[in-house]
Amino acid sequence: MMVRRMIDFFKRGAASQTVENTLWLAGSSAFNGMLGGITAALLARTLGVEEYGIYSLIISLIVLLTDVADFGFNSSVIRFGSESIAEGNRQKLKAVVAIVTRWKLVAGAAVLLVAVVFLNTIVGYVFRHVDDRIAAYFRLSLVAVALGILAGIFVPLYQAHKHFRSYALIFSGRGLTKLVLILGAVLVLVQSSISLLIWIEIMSIFVYLILLYSCATFKELSLGMQDRKVEREMFSFNKWISLYQVIALLGARLDLAFVGGLSDANALGLYGAASKVSGLMTVAASSYMTVLLPDMSASPSSESLRRKRRNAFAVVGMMAAGVGVVMLLADPLIRILFGAAFVEASSVLRLLCVGLLLTVAAYPINASLFAMNKSAVFPLMSAVSVPAFIAGNLLLVPRFGADGAAMAYALSAGVGLLVPATYYVLARKTLHTQ
């Protein structure tokens, strides 16, 4: 059945815009994955297991704070921006962008303030046994967070307009900039200290921000524009998405923090290496999801959702096959990318792949619920999966180290899948999804 759906999918949609956009994002993900693999391999051999683990932790904190500052606002642009564009209502689109921009700036300022006042002390205390310089690294990384928050204003506009080709090229430009700068540091300056690498991260995000703004077709960031009706609709939708995203991020993005806080620098390095590979696969797997959200939101009829969901399940089947290959080749893959010193990371990678399989299995269901404005299910999903993730880390990391963190991720992904799947089965007739 699954094979026949895959064949039908390509017969019907090989020339469609959805497939074209997915291929652009998938191609960009593959290219950035190659760049990320080269970068990771270079840094792993230059820094060693422990220093690479510390660097991975700092990058993880940058991503965490940048994503937390979004508070789900990107989803509002995708949901209501796509609808406005489909309706040809430019005035509504301007209102959506103005509202989200105001929200993002306020939320970003709040996150940075909290990080400066509270998190600096917490980070220094929790990870002091890993490296006593980590608080200084964290303070420097906040520059990258600020730039990332600004860049986040423009990313959902590319998605809402379905300008995935432009975004794919810009995203690839960021990865290429980072690799060139790191190569320059290693080969020309003959050094790659963690402080220097954080500055390189800052510069690559700055280039990314400039490219996003320069190439955006919609730059009307009118902060003073008001539309109370649109704002109420967006708030009603976004309150659940925001709660879901904050809970999910505080769980899913804290994996390296749990390893660093509950284990040692060696485990941090092993988990950092394995999560780098699984993270690249996650980015590639989510390419279709990125395209599917605005596509479903633009025409959320029951028949359209049914057809697109079938297509999504076909794509998920292909993704699962690719993840299975990585699981089989985990040992040689880790050796080639990171060297013999990281060989213990192969078992961590296999466990992370199990979690990834469970995560992508939920994509088609989540996209359907998103398009139908059933956003209340998402914080419920986080309320179930995040406690499982935290409890799993607290119980397993002290005993199993990096493997324990990977087990906790797989556990949370499995528990998290149960919520939308159960909702989908119970509400199938109501949502017209039979």
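Helix 10, which runs over residues 255-262, is mostly covered in this predicted model, with 6 of its 8 residues buried. The buried residues are Asp255, Leu256, Ala257, Phe258, Val259 and Gly260, and I would ask you to keep alanine 257 in mind, since the C-alpha atom of that residue is separated by 9.2 Å from the C-alpha atom of valine 123, although the two are 134 residues apart along the chain.

That takes us to helix 4. Valine 123 is found in helix 4, and with a relative accessible area of 6% it counts as buried, because the cut-off for that term is under 20%. Threonine 121 also lies in helix 4, which covers residues 90-126, but threonine 121 is exposed, with a relative accessible area of 56%. What lies 14 residues from threonine 121 in sequence and 7.4 Å from it in space, C-alpha to C-alpha? The residue in question is alanine 135.

Let me move along the chain to helix 13 and the loop that comes after it. Aspartate 331 lies in helix 13, residues 330-338, and is partly exposed, with a relative accessible area of 28%. The C-alpha atoms of aspartate 331 and alanine 345 are separated by 8.1 Å, with their positions 14 residues apart along the chain. Alanine 340, for its part, lies in the loop between helix 13 and helix 14, the latter being residues 345-361. Is alanine 340 buried or exposed? With a relative accessible area of 57%, alanine 340 is exposed, and its C-alpha atom is separated by 9.9 Å from that of arginine 45, a residue 295 places away along the chain.

I will spend the rest of the time on helix 16, residues 377-400, whose 24 residues reach 33 Å from the first C-alpha to the last, close to the 34 Å expected at 1.5 Å a residue. That end-to-end figure should be read together with the local geometry, as helix 16 has a kink of about 30°, centred on asparagine 393. Asparagine 393 is itself buried, as are, among others in helix 16, Val377, Phe378, Pro379, Met381, Phe389, Gly392 and Val397.

Where does the chain take a positive phi just after helix 16? That residue is glycine 401, with a phi of about 65°. Then comes helix 17, residues 402-426, which packs with helix 16 at an angle of about 160°, the axes being 7 Å apart. That angle makes helix 16 roughly antiparallel to helix 17, because the term applies to angles over 145 degrees. Helix 16 passes helix 17 in a right-handed crossing, and, sorted by class, the residues in the contact between helix 16 and helix 17 are 19 nonpolar, 6 polar and 1 charged.

To draw the last part together, the picture I would leave you with is of helix 16, kinked by about 30° around asparagine 393, followed by glycine 401 with its positive phi, and packed roughly antiparallel to helix 17.

Note on methods:
Residues are numbered from 1 along each chain as its sequence is written. This is a predicted model: local features need pLDDT of at least 70, side-chain atom pairs count only at pLDDT 80 or more; totals for chains, interfaces and linings use all residues. Side-chain values use heavy atoms; hydrogens and water are left out. Helices (H or I, at least four residues) and strands (E, at least two) are DSSP runs, numbered from the N terminus. The expected span of a helix is 1.5 Å times one less than its number of residues. The bend at a residue is the angle between axes fitted to the seven residues ending there and the seven starting there. Buried means under 20% relative accessible area, exposed over 50%, partly exposed in between (1.4 Å probe, protein chains only). Axes are lines fitted to C-alpha atoms, for helices over the stretch in contact, and angles run from 0 to 180 degrees between N-to-C directions. Angles under 35 degrees count as roughly parallel, over 145 as roughly antiparallel, 65 to 115 as roughly perpendicular and the rest as oblique. A crossing is left-handed if the near helix is turned anticlockwise from the far one by less than a right angle, and right-handed if clockwise. Ala, Val, Leu, Ile, Met, Phe, Trp, Tyr, Cys and Pro count as nonpolar, Asp, Glu, Lys and Arg as charged, and the others, Gly among them, as polar.
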